[in-house]
Amino acid sequence: MARDPDQGGAFVFDLVDDDTADLDAPLARSGTAAGSDPDGAEIDTGEPAPSAELGRRARALAPVAAVLAIVLGTGFAIDGLRDDRRMERMRDVPGGVVDVSSPLEETWAWEGAVGSPLVTAQGRGNDVALLGDLLAFQSGRELVALDPATGDEAWVIPLGSFPDCGPTGAAGWDEVTTPTLVCLTGSPEAREAMVIGPDGVIAGGRPLDAADERRYGHARPGPDGLVLRAKRVGPEPAEGSGDAECTESWECTGTVESGRDLEVRAEDAVTGEERWTATVPFRPTPAEQCNNWSGISWDSADSAMDLDEMIDTDSFGAQFTGGLVQLHGCGVTAGLTSGGEVLGLETEPGAGGVISLRAGGYIEYEYDDDGVRTTLYASDGGVVDEVDGYVSEPGALDSPEPGALLAFGGEESRLRAYGTDGTMLWDAAALDGAQVFIAQVGGSAIVGSWSGAVYGLDLANGEERWTWGDPDPNDEGPGDLFVTRGFTDGRSVLLVTHGGAGASGLVALDALSGELLWERPGSTDLDEAGFMNGMVAVDGNLLEITPQGVRGLG
């Protein structure tokens with residue numbers, strides 16, 4: 001349905017007769033993959049609805065809604081159906097929220113510990129996973145899954161002693177969407193591995209052989225239903241290799257020239273069958289990547305800091321995401337895909353890293369004196385292209401289709417858009433301080449800058465549509481208020497802002513015009529209910545997550 005301006009505001013309807021439609025059936029969640037114009041100029045791309053029942057129901061309602069619109073002289077009935085489609089679509093896209101057009105308030109609250117003690121010890125917190133349509137996380141010795149609409153506990157699974165579940169990510173920064181979670185529990189002498197799906201059903205309970213700990217290394221939960229083990233292999237390096245040294249203030253300089261390789265073994269969490277083994281070679285590394293307090297080792301067994309021996313050439317750790325293991329440590333900065341491909345060996349340790357893309361594939365970025373370069377990889381680990389600048393995908397989308405990639409900076413200080421296959425879409429003059437690809441919505445690429453300005457760019461050619469905030473070309477660092485990330489309901493974009501005093505706030509803009517819809521400034525007053533930066537979208541619901549609990553916003 002669309003309003004035709006050449007027909008005096010008349011409405012045009014496509015009526016479909018379906019004698020088999022069940023008008024008494026309950027209205028299921030509706031949704032189609034559709035374009036998203038706030039005025040409804042385009043509401044359907046012609047892709048099939050996600051369920052046959054929805055298709056029958058929508059076809060049955062169309063004539064009724066048309067008659068109502070004619071009788072009442074309005075399009076409210078059809079508008080409601082269009083909104084239902086849009087809202088349902090937003091449940092299944094990254095950063096998608098049903099509605100952010102009006103100020104958000106707390107709708108429910110769940111109180112309790114969020115995140116595992118192991119993760120908290122690593123200097124991170126509030127780690128969660130998006131498991132199906134649920135929010136899942138460790139809470140002490142339990143694995144908890146919350147219904148994002150109500151905050152009710154969908155299920156709670158006792159884990160036992162020393163639990164370790166993954167993959168998970170820090171809410172608001174690297175939250176993880178995963179089909180299953182792997183949990184390891186029990187004492188070091190009697191640990192078990194199990195796999196949990198969105199329905200809370202447990203597979204496994206497989207005892208881990210203590211001999212494998214000595215043979216392959218300490219076990220950790222990985223992506224794709226894997227248990228991962230890792231250990232250093234090869235001869236011990238000679239003492240005094242390189243010019244690394246540390247001061248009494250624990251600052252280390254110089255280079256560690258030699259060390260041992262890292263061998264990683266992946267086994268099926270349920271059966272124990274080996275899926276693959278990969279070796280990450282040691283490479284000369286800045287000493288600051290090898291001191292014994294920069295990160296926690298893989299097993300976190302020895303948390304004591306040896307102030308006499310600050311350099312530890314065997315130290316290493318990892319962060320687990322839905323499709324990638326990000327290794328870090330002395331000489332072994334790399335990314336391991338869930339299939340065992342080793343990425344990032346062309347980047348000097350400590351000078352970059354590898355991250356996975358939602359649409360499939362990976363990007364490897366490397367910093368040097370000339371700026372930053374990015375390598376695009378396909379899902380199988382093959383190189384797609386090399387790009388000048390830092391490449392980023394949108395934090396939020398209004399469509400299930402893969403978003404564009406934006407390259408910021410580079411030697412020529414240009415802003416470029418690429419398809420996920422590496423094809424350049426356009427090349428435009430760089431915006432002042434542009435750093436963050438906030439969202440792709442309504443045919444716009446919404447970009448944030450360090451100065452606090454937000455730009456809406458035409459995704460087809462890079463031309464500027466609107467600007468919100470006051471860009472300052474002289475700003476080389478964060479302004480008093482800058483945007484860290486965003487969400488969208490397909491019409492509006494919600495910005496999570498960070499103030500100079502450390503408080504996070506919310507700003508909602510019309511995605512097509514940049515018009516300010518509403519804002520909630522952040523507050524550093526502990527007596528005031530402010531907003532934290534740890535926000536995630538789960539099944540169209542916006543959730544705020546802290547180490548002490550979760551609350552819904554709507």
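This passage describes the fold content, cores, aromatic pairs, backbone features and cavities of a predicted model.

The chain holds four helices and 45 strands. Of its 554 residues, 49% count as buried. Contacts across the sequence are well represented: among those between residues at least 6 apart, 51% join residues at least 24 apart.

A good place to start is the largest nonpolar core, which has 18 residues. Within this core, Leu228, Leu262, Trp276, Trp298 and Leu327 touch the most other members. Six strands each give two or more residues to the core: S15 (226-233), S19 (261-268), S20 (274-280), S22 (316-320), S23 (324-329) and S24 (334-337). Apart from this core lies another, of 16 residues, and its members include Leu415, Leu431, Val447 and Tyr455.

Tryptophan 298 deserves a closer look. Leaving aside residues up to four places away in sequence, tryptophan 298 touches His218, Ala219, Arg220, Leu228, Arg229, Ala230, Phe316, Gly317, Ala318, Phe320 and Leu327. Two of these partners, Leu228 and Leu327, are also named with Trp298 among the core residues that touch the most other members.

The aromatic rings add to this picture. The structure holds five aromatic pairs. In one of them, the rings of tryptophan 298 and phenylalanine 316 have centres 5.7 Å apart and planes at 45 degrees, so this pair is tilted. The pair links distant parts of the chain, since tryptophan 298 sits in the loop between strand S21 (285-286) and S22 while phenylalanine 316 belongs to strand S22, 18 residues apart. Tryptophan 298 and phenylalanine 316 are both buried. A further pair joins tryptophan 298 to phenylalanine 320: here the ring centres lie 5.7 Å apart and the planes meet at 80 degrees, so the arrangement is edge-to-face. This pair, too, links distant parts of the chain, with tryptophan 298 in the loop between S21 and S22 and phenylalanine 320 in strand S22, 22 residues apart. Phenylalanine 320 is buried, as is tryptophan 298. Through these ring pairs, Trp298, Phe316 and Phe320 form a cluster.

The loop between S21 and S22 also contains asparagine 291. Its relative accessibility is 2%, so asparagine 291 counts as buried. Not counting residues up to four places away in sequence, asparagine 291 touches Cys252, Met310, Ile311 and Ser315. With cysteine 252, the C-alpha atoms are separated by 7.1 Å, although the two residues are 39 apart along the chain.

Several backbone features call for attention as well. Most residues other than glycine have a negative phi, and most peptide bonds are trans. Against that background, phenylalanine 162 has a phi near 50 degrees, a positive value in a residue other than glycine. Phenylalanine 162 lies in the loop between strand S7 (153-158) and S8. Its relative accessibility of 55% is over the 50% cut-off, so phenylalanine 162 counts as exposed. Aspartate 539 likewise has a positive phi, of about 50 degrees, although it is not a glycine. This aspartate 539 is found in the loop between strand S43 (535-538) and strand S44 (541-546). In contrast to phenylalanine 162, which is exposed, aspartate 539 is buried, with a relative accessible area of 11%. The peptide bond from glycine 166 to proline 167 is cis, with omega near 0 degrees. Proline 167 is placed in the loop between strand S8 (164-166) and strand S9 (169-170).

Finally, there is the matter of internal space. Rolling a probe the size of a water molecule over the atoms shows where empty space is left. The count comes to three cavities of 30 Å³ or more. The second largest cavity has a volume of about 80 Å³. Eleven residues line this second largest cavity, and of these Ser116, Asp127, Gln138, Cys165 and Thr168 lie nearest its centre. Strand S5 (residues 134-139) gives the most to the lining, with three residues. By class, the lining of the second largest cavity is made up of six nonpolar, four polar and one charged residues.

Terms used. Residues are numbered from 1 along each chain as its sequence is written. This is a predicted model: local features need pLDDT of at least 70, side-chain atom pairs count only at pLDDT 80 or more; totals for chains, interfaces and linings use all residues. Side-chain values use heavy atoms; hydrogens and water are left out. A nonpolar core is a set of buried Ala, Val, Leu, Ile, Met, Phe, Trp, Tyr and Cys residues joined through side-chain atoms within 4.5 Å. Buried means under 20% relative accessible area, exposed over 50%, partly exposed in between (1.4 Å probe, protein chains only). Contact means heavy atoms within 4.5 Å. On a 1 Å grid over the protein atoms alone, a cavity is a set of points where a 1.4 Å probe fits but cannot get out, and a pocket is an open set with protein on both sides within 12 Å along at least five of seven lines; lining residues have an atom within 4 Å of a point. Grid points are joined across faces, edges and corners, and a volume is the space filled by probe spheres set on the points. Ala, Val, Leu, Ile, Met, Phe, Trp, Tyr, Cys and Pro count as nonpolar, Asp, Glu, Lys and Arg as charged, and the others, Gly among them, as polar. Rings of Phe, Tyr and Trp (its six-membered ring) pair if their centres lie within 6.5 Å; planes under 30 degrees apart count as stacked, over 60 as edge-to-face and the rest as tilted.
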